[in-house]
Amino acid sequence: NKNQAFISRQAGGLCFDFSKQDSTIYLAGTEGGNIHKCSCSYNEQYLDSYFGHAGPVYKVKWSPFHPSIFLSCSADWTLKIWSQEREAPLLNFQSSTNTVSDVSWSPTHSTVFGSVSEDRVEIWDLAVNSLDPVISQQMLDRKLSCISFARNAPAVVTGDDNGMVTLHQLCRMRPAEYDVSDAEAQAAQLEKLAMPSALVDSTAATTNAAPA
C-alpha cells in the first residue's frame, strides 16, 4: 500500500552532527547516500537535502570555523565538502578504492581535515593541495575506524577494529596562517578555497541584506 511504499523510501540514518551556530539544527547522513539538514523543531520534514554520495554516509561534520560548510565521508570511497546553500558538493576527494569510515576537521587550521579508510590515515590541506592528501600513512596490520585531532598538539588519534588507539604525530604540517581565535580570517580562508565565487557573493548578499 501507499504507506508501505513511503516507508520503504526512507533510508536509515548512520550519523549526525549539530550546528555550532544553532543547536537546534543538525545534519544526518543516511544509508542511501543522501545528507539531510534537520531541525529539532520539525520531526516530519527536512529543511534541505544534499545529493552526491553513491553509498552510505558514515560521517558528517560541520566546519568549526565556517557556519555554512560541512564535510562528509562514505562507503563510495570519497570525501566531500559541502555548503548548506547548495545541494551538490563543492569539492570531491578520493585517494583509494576503500571505504572512508571517518573524517575530522582540524581545530587549528580551517582548511585542514583528516580521514581514515580501511588501512590508511590521511591528512588533507586545501591551502596546499586540493587533489591529494599532504600526509598519507598506511596501516597494514589493522582496520582503521575513527580519527580525531588533538587540540593542543600537532597530532591525530585513530581507533581500529582491534580496540587499539594510536597517536600519530604530524611532522610535516605547515604552521597556521591565522590564530585559532581569529575566526573571521579562518572562515574567509576556507571560503576562498572551497566555495565558488558566485556562491560566496550570494551568501554574503543574503547575510548583509537589510531587513524589510
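**Exercise 1. Determine which residue of β6 is the bridge partner of K61, and describe the strands around β6.**

The bridge partner of K61 in β6 is L71. The model is predicted: local features need pLDDT of at least 70, side-chain atom pairs count only at pLDDT 80 or more, and totals for chains, interfaces and linings use all residues. Residues are numbered from 1 along each chain as its sequence is written, and side-chain values use heavy atoms, with hydrogens and water left out.

Step 1. Strands are DSSP runs of E with at least two residues, helices are runs of H or I with at least four, and both are numbered from the N terminus. Two strands pair if DSSP finds at least two bridges between them.

Step 2. Strand β5 (residues 57-62) runs antiparallel to β6, and 5 bridges join the two. The connection is a hairpin through 6 residues.

Step 3. β6 also pairs with β7 in the antiparallel sense, over 5 bridges. Here the bridge partner of I69 is S83 in β7. The hairpin of β6 and β7 has 4 residues between the strands, and W77 takes a positive phi near 80° in this hairpin.

**Exercise 2. Explain why β6 is described as largely enclosed.**

Step 1. Buried means under 20% relative accessible area, exposed means over 50%, and partly exposed lies in between (1.4 Å probe, protein chains only).

Step 2. I69, L71 and C73 point one way from β6, while F70, S72 and S74 point the other way; all are buried.

Step 3. Because 6 of the 6 residues of β6 are buried, the strand is largely enclosed by the rest of the structure. For the protein, buried residues make up 44% of the 212 residues.

**Exercise 3. Identify the residues that touch the most other members of the largest nonpolar core, and the elements that supply this core.**

Step 1. A nonpolar core is a set of buried Ala, Val, Leu, Ile, Met, Phe, Trp, Tyr and Cys residues joined through side-chain atoms within 4.5 Å. In soluble globular proteins, nonpolar side chains tend to be buried together.

Step 2. The largest core has 17 residues, of which L79, I81, F93, F113 and L126 touch the most other members. At least two residues each come from β6 (69-74), β7 (79-83), β8 (91-93), β9 and α2 (183-194).

Step 3. Contact means heavy atoms within 4.5 Å. Leaving aside neighbours within four places in sequence, I81 is in contact with I69, F70, L71, P89, L90, L91, F93, W105, F113, L126 and A194.

Step 4. A second, separate core has 11 residues, including I135, M139, L144 and F149.

**Exercise 4. Establish the strand order of the open sheet that contains β11, and locate its edges.**

Step 1. The sheet has 4 strands in the order β9-β10-β11-β12, with antiparallel pairing.

Step 2. Its edge strands, β9 (100-105) and β12 (135-138), each pair on one side only.

Step 3. Strand β11 (residues 120-125) pairs with β12 in the antiparallel sense over 4 bridges. Within this pairing, V121 has Q137 of β12 as its bridge partner.

**Exercise 5. Explain why C38 and C40 do not form a disulfide.**

Step 1. A disulfide is a pair of cysteine sulfur atoms within 2.5 Å.

Step 2. The closest cysteine sulfur to that of C38 belongs to C40 and lies 9.0 Å away, which is too far for a bond. By this rule the count comes to 0 disulfides.

Step 3. C38 counts as buried because its relative accessibility is 6%.
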